[in-house]
Amino acid sequence: MNILQRFKIDPFLLILICVVLTASLFPCKGETKTAFEHLTTFAIGLLFFMHGAKLSFQAIVVGIKNWRLHLLIFITTFVVFPVFGIMMQLLVPTFLSENLYLGFVYLCVLPATVQSAIAFTSIAKGNVAAAICSASASTLLGVSITPVLVGLLMHTQAVASMNIMDAISSIMLKLMLPFIIGHLSRRYIGKWVDKYKNIISKTDRLSILLVVYVAFSDAVVNGIWSQVGVLSLFSVIFFSILLLILVLLFTTYSARLLGFNKEDEITIVFCGSKKSLASGIPMASVIFPISIMGIMILPLMIFHQIQLMICAFLAARYAKRKI
């Protein structure tokens, strides 16, 4: 554990790797696969129900007044990131395969993460109330914006065959509806949710692990490891680092150019540079055919760990500044 903390490695990443290895060696098939898919659908609905129940309306009201800050974060999340993603087409096929490039595009159209964005903002002594508002709103907007951007930007036979209206309606039913019901239920279960948030967080992660296992089981059956070799993995790592650095530079200097104070700059940097694994993997299971889902989420899984490591270092540097 000390080694993991020293190198800023999220233990959950190691569990994800174990799940991928398990799926590679023992992929679920037939009736077992069907049972896992039903269990995954239930788990994802529960995950978004709990996301809704955790969302505090008071926190949103406190932070929503700073509209310039939120606008810059949303532009970064849903405009600048996708532009960088589309530009990565220049790397195909020399450095990235077509499918890995599409995985990066999917990564770039996702909403921001909630927990780590708020945590890093707090560590760096930024505007936490605005971070709560922005990250929560990003998750809510992403449920509707992400599938639209996927339909507009991802043009392949596998993805083009997806009916975007069916994807949106499926997301509304499987993700948005549980989210809304969870938020409306907060007045009744809010105290319980806040009291047992650590247990709920483990439930969230269990849902992600189920989706990853099912996705990679099917991906293994369809030959994912013949498409993704060691060099491809190193390429994904390198371009994930480069992508994150570009976004961090954009958010930092945009905040300074527009005259934000240091606390707001910190919020913009950490909320604008994050992409959500917790939302991205369940949404992928609804948006994409199971046959391509494994490779679609591979860049996201790698980028997630990289953003934690780099932003942990950056938050520590911000925290040492003189106030």
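**Exercise 1. Find which residues of helix α11 are buried, and where they sit around the axis.**

Start with the rule: buried means under 20% relative accessible area, exposed over 50%, and partly exposed in between (1.4 Å probe, protein chains only). Helices are DSSP runs (H or I, at least four residues), numbered from the N terminus.

Step 1: α11 spans residues 186-195, and its buried residues are Arg186, Gly190 and Val193.

Step 2: These residues cover an arc of only 80 degrees around the axis, so they lie on the same side of α11. That arc is taken from the directions from the helix axis to the C-beta atoms.

Step 3: Now flip to the face turned away from the buried side, and you'll meet the exposed residues Tyr188, Lys191 and Lys195.

A quick word on the source: this is a predicted model, where local features need pLDDT of at least 70 and side-chain atom pairs count only at pLDDT 80 or more, while totals for chains, interfaces and linings use all residues. Residues are numbered from 1 along each chain as its sequence is written, and side-chain values use heavy atoms, with hydrogens and water left out.

**Exercise 2. Describe how α6 and α14 pack.**

Two packed helices are described by the angle between their axes and the distance between the axes.

Step 1: The axes of α6 (residues 98-108) and α14 (residues 230-257) come within 11 Å and cross at roughly 30 degrees. Here, axes are lines fitted to C-alpha atoms over the stretch in contact, and angles run from 0 to 180 degrees between N-to-C directions.

Step 2: That angle makes α6 roughly parallel to α14, a label for angles under 35 degrees.

Step 3: Contact (heavy atoms within 4.5 Å) is made by Leu100, Phe104, Leu107 and Cys108 of α6, and by Ser232, Val236, Phe239, Ser240 and Leu243 of α14.

Step 4: Sort those residues and you get seven nonpolar, two polar and no charged. Ala, Val, Leu, Ile, Met, Phe, Trp, Tyr, Cys and Pro count as nonpolar, Asp, Glu, Lys and Arg as charged, and the others, Gly among them, as polar.

**Exercise 3. Work out what is unusual about the backbone at Pro93 and Lys125.**

Step 1: Recall that most residues other than glycine have a negative phi, and most peptide bonds are trans.

Step 2: Val92 and Pro93 are joined by a cis peptide bond, with omega about 0 degrees. Pro93 sits in the loop between α5 (67-87) and α6.

Step 3: Lys125 isn't a glycine, yet its phi is positive, about 65 degrees. You'll find Lys125 in the loop between α7 (115-123) and α8 (128-153).

Technical notes:
Helices (H or I, at least four residues) and strands (E, at least two) are DSSP runs, numbered from the N terminus. Angles under 35 degrees count as roughly parallel, over 145 as roughly antiparallel, 65 to 115 as roughly perpendicular and the rest as oblique.
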